[in-house]
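Hi everyone, thanks for coming along. I'd like to walk you through one protein model, so please have the viewer open and follow along as I talk.

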Amino acid sequence: MDYDYIVVGAGSSGCVLANRLSQIQSNRVLLLEAGPEDKNFWIHVPLGFGKNVNNSEVNWCYQGEAEPYCRGNQYLLPRGKVLGGSSSINGMVYVRGQAEDFNHWAQLGNRGWSFDDVLPYFIKSEDNTRGSSSLRGSGGLLTVSDISETNELCDKLIDAGAELGLARNDDINGEVQEGIGYHQATIRNGRRCSAAVAFLKPAKYRQNLKIETEALVEKIIFHGKKAAGVEFTKNGVSYTAFANSEVILSGGAFNSPQLLELSGVGQPEVLKKAGVEVFHDLPGVGNQLQDHQIIRMRWRIARKVTFNEQVYGWRAMRSVIKYLFKRSGVLSMPTLPISAFAKTKPELSSPDLQIQVFPGSYEKLEARKLDPQPGVTLGATMLRPESRGWVHITSSNAYDAPAIFHNLLETEGDRKTAVLSMKICRQLMEANAMSDLYGCELTPGKDIKEDDELLDAARDLVQSNWHPTSTCRMGTDKLSVVDERLRIHGLTNIRIADASIMPTAVSGNTNAACIMIGEKASDMILEDQR
């Protein structure tokens with residue numbers, strides 16, 4: 001197997017890379033994905049995301065390590081193991097983040113990553129149903145559309161936000177992120193528009209693009225300090241593929257550092273403990289894990305205006321019929337129709353809190369079985385976590401899951417932000433606009449009032465928001481892994497392009513930024529090729 005480029009991982013960034021690199025007919029491109037093709041029915045039904053949260057056929061279903069500041073709790077950590085990666089199992093919410101996020105990346109020494117630098121790549125990928133503008137793209141491969149239907153509960157929460165001083169914001173990706181309003185989503189005609197649908201589907205019949213599914217890459221092959229190819233297993237058979245130009249890792253914030261460590265690249269003490277011979281000392285690999293920390297609070301709603309009752313009895317049949325014949329209704333909706341972006345402290349220059357509104361409720365997150373009674377869940381999401389974790393291999397076997405540790409609520413700053421965030425969620429629900437819908441607070445409960453009680457409750461409720469970043473981060477310091485052109489420090493012919501390279505987490509859902517990273521990485525690779 002002899003190629004010019006080998007892309008490891010068909011996730012949000014990897015699908016973009018496979019498409020853009022293979023546009024040049026002389027480039028022979030191999031895309032390797034550990035999971036199957038995206039044929040699972042529920043992948044493509046937007047609200048069907050809950051069916052795959054713990055489906056090991058299309059999901060790595062990782063389990064986090066015990067969290068010492070959260071009573072030793074462990075959490076399910078879904079990651080896509082299928083064409084499209086996590087874009088095939090995520091909530092489809094399209095949030096770019098704040099301009100300040102990318103400007104901060106540039107200020108850290110990463111030239112070419114300011115907001116003005118990355119905006120053209122956001123625009124390039126988009127086929128926005130609102131049309132093109134200075135901030136929007138049309139004619140791109142990724143459909144970004146408005147929510148198909150409004151919802152009385154969501155509309156009342158937007159009114160409640162106004163009572164709190166949060167302006168209605170109909171474009172969270174516009175000039176200003178702060179406010180409350182409906183999202184746009186990666187949904188095309190009532191079906192999920194994953195990275196696989198958007199970028200692989202139009203490219204998969206190209207003669208110069210080979211897509212291998214159920215192909216687990218076990219090791220990167222190096223000749224000296226030059227990446228020469230990879231070893232992978234498919235159907236129990238081992239293969240070797242060589243890359244004349246580059247190997248590009250797009251496995252995500254968990255799997256890219258895992259593969260580097262399996263190949264002997266990383267922190268020597270971690271590698272030796274796992275039984276892997278040290279090839280290249282790079283202490284930042286797997287460290288500096290960042291993730292948005294989310295505290296889900298639940299309320300009972302007094303009237304039937306939520307998702308819950310639409311999946312039971314005759315209403316469920318009506319929902320199915322509406323979706324099958326019109327591609328509309330509750331089944332065509334993303335997980336979060338609206339969000340509020342707010343400041344937990346008035347002196348902040350931009351929002352540090354995202355209140356994710358799911359107009360439904362469930363007792364157990366992992367089960368994702370909606371309650372039979374009307375309910376709503378508000379996820380108080382801390383956008384600027386101070387706590388840092390890690391992801392590391394524990395053995396030399398590529399089939400063994402890495403150990404993943406978030407270190408949630410480690411810092412005093414995160415703990416204070418958690419309490420303030422929970423208070424704002426309560427204020428939103430207790431506003432006058434919600435009076436005729438308000439039933440009762442289920443979690444943590446109305447008796448939890450004082451700051452120390454709220455923090456105590458947060459230790460039970462907080463979890464990863466499934467937005468891991470920064471485990472192979474871009475930078476110039478000793479714990480950085482790649483430079484501003486995503487080349488791994490000290491090695492040649494190898495790059496990383498996925499969420500792991502983010503110097504800091506973006507302020508919002510991470511999928512849009514991963515698509516952008518794939519676009520920008522493709523441009524840099526082709527530029528270097530020329």
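How much space lies in the largest pocket? About 520 Å³. Before going further, keep in mind that this is a predicted model.

Let's stay with that pocket for a moment. The largest pocket has a lining of 24 residues, and those nearest its centre are Leu47, Lys51, Val311, Leu331 and Leu370. Try clicking on those five names to find the spot. Two helices, α2 (41–44) and α9 (313–326), each provide at least two residues of the lining. Which of the elements gives the largest share? That is α9, with five residues. As for the character of the lining of the largest pocket, 17 residues are nonpolar, four are polar and three are charged.

Now for the second largest pocket, which holds about 450 Å³ of space. Here 17 residues form the lining, with Asp38, Ala196, Val197, Lys201 and Lys204 lying nearest the centre. Strand β11 (191–192) and helix α6 (195–200) each contribute at least two lining residues, and α6 gives the most, with three. What is the mix of classes in this lining? Six nonpolar, three polar and eight charged residues. If you put the two linings side by side on your screen, you can look at 17 nonpolar residues in the largest pocket and six in the second largest.

Let's move on to helices. When two helices pack, we describe them by the angle between their axes and the distance between those axes. Please find helix α4 (residues 115–125) and helix α12 (residues 511–529). Their axes come within 9 Å and cross at roughly 105°. Angles of 65 to 115 degrees count as roughly perpendicular, and α4 and α12 are therefore roughly perpendicular to each other. On the α4 side, the contact is made by Val118, Tyr121, Phe122, Lys124 and Ser125. On the α12 side, the residues are Ala512, Ala513, Ile515, Met516, Glu519, Lys520 and Asp523. By class, the residues of this contact of α4 with α12 are seven nonpolar, one polar and four charged.

Helix α4 has another partner, helix α3 (residues 99–107). The axes of α3 and α4 are 8 Å apart, and the packing angle is about 125°. That makes α3 oblique to α4. Which residues make this contact? From α3 they are Ala99, Phe102 and Asn103, and from α4 they are Phe115, Val118 and Phe122. In the contact of α3 with α4, five residues are nonpolar, one is polar and none is charged. You may recognise Val118 and Phe122 of α4 from the contact with α12.

Now a sheet that also involves α4. Strands of a sheet pair through backbone hydrogen bonds, either parallel or antiparallel. Look for the open sheet of four strands in the order β5-β9-β7-β6, where the pairing is mixed. At the edges are β5 (93–94) and β6 (126–128), each pairing on one side only. Inside the sheet, β7 (residues 142–146) and β9 (residues 184–185) run antiparallel and are joined by two bridges. Serine 145 stands opposite alanine 185 in β9. And how does α4 sit here? Helix α4 lies across β5, β6 and β7, running at about 60° to β6.

There is another open sheet to see, with three strands in the order β18-β23-β24 and antiparallel pairing. Its edge strands are β18 (287–289) and β24 (403–405). From one strand to the next, the twist averages 35°. Two bridges join β18 to β23 (residues 389–392), and leucine 289 stands opposite glycine 389 in β23. Helix α7 (residues 252–262) lies across β18, β23 and β24, at about 50° to β23.

One last stop: the cavities. How many cavities of 30 Å³ or more does a search of the whole structure find? Four. The second largest cavity holds about 50 Å³ of space. Its lining includes Tyr94, Arg130, Asp170 and His183. By class, that lining has three nonpolar, three polar and four charged residues.

That's my tour, so over to you for questions!

How values were computed: Residues numbered from 1 in each chain as written. Predicted model: local features only at pLDDT ≥ 70, side-chain atom pairs only at ≥ 80, totals over all residues. Heavy atoms only, no water. Axes fitted to C-alpha atoms, helices over the stretch in contact; angles between N-to-C directions. Parallel < 35°, antiparallel > 145°, perpendicular 65-115°, else oblique. Contact = heavy atoms within 4.5 Å. Nonpolar A, V, L, I, M, F, W, Y, C, P; charged D, E, K, R; others polar. 1 Å grid on protein atoms, 1.4 Å probe; cavity = no way out; pocket = protein on both sides within 12 Å on 5 of 7 lines; lining within 4 Å. Points joined across faces, edges and corners; volume = space filled by probe spheres on them. Pairing = 2+ DSSP bridges.
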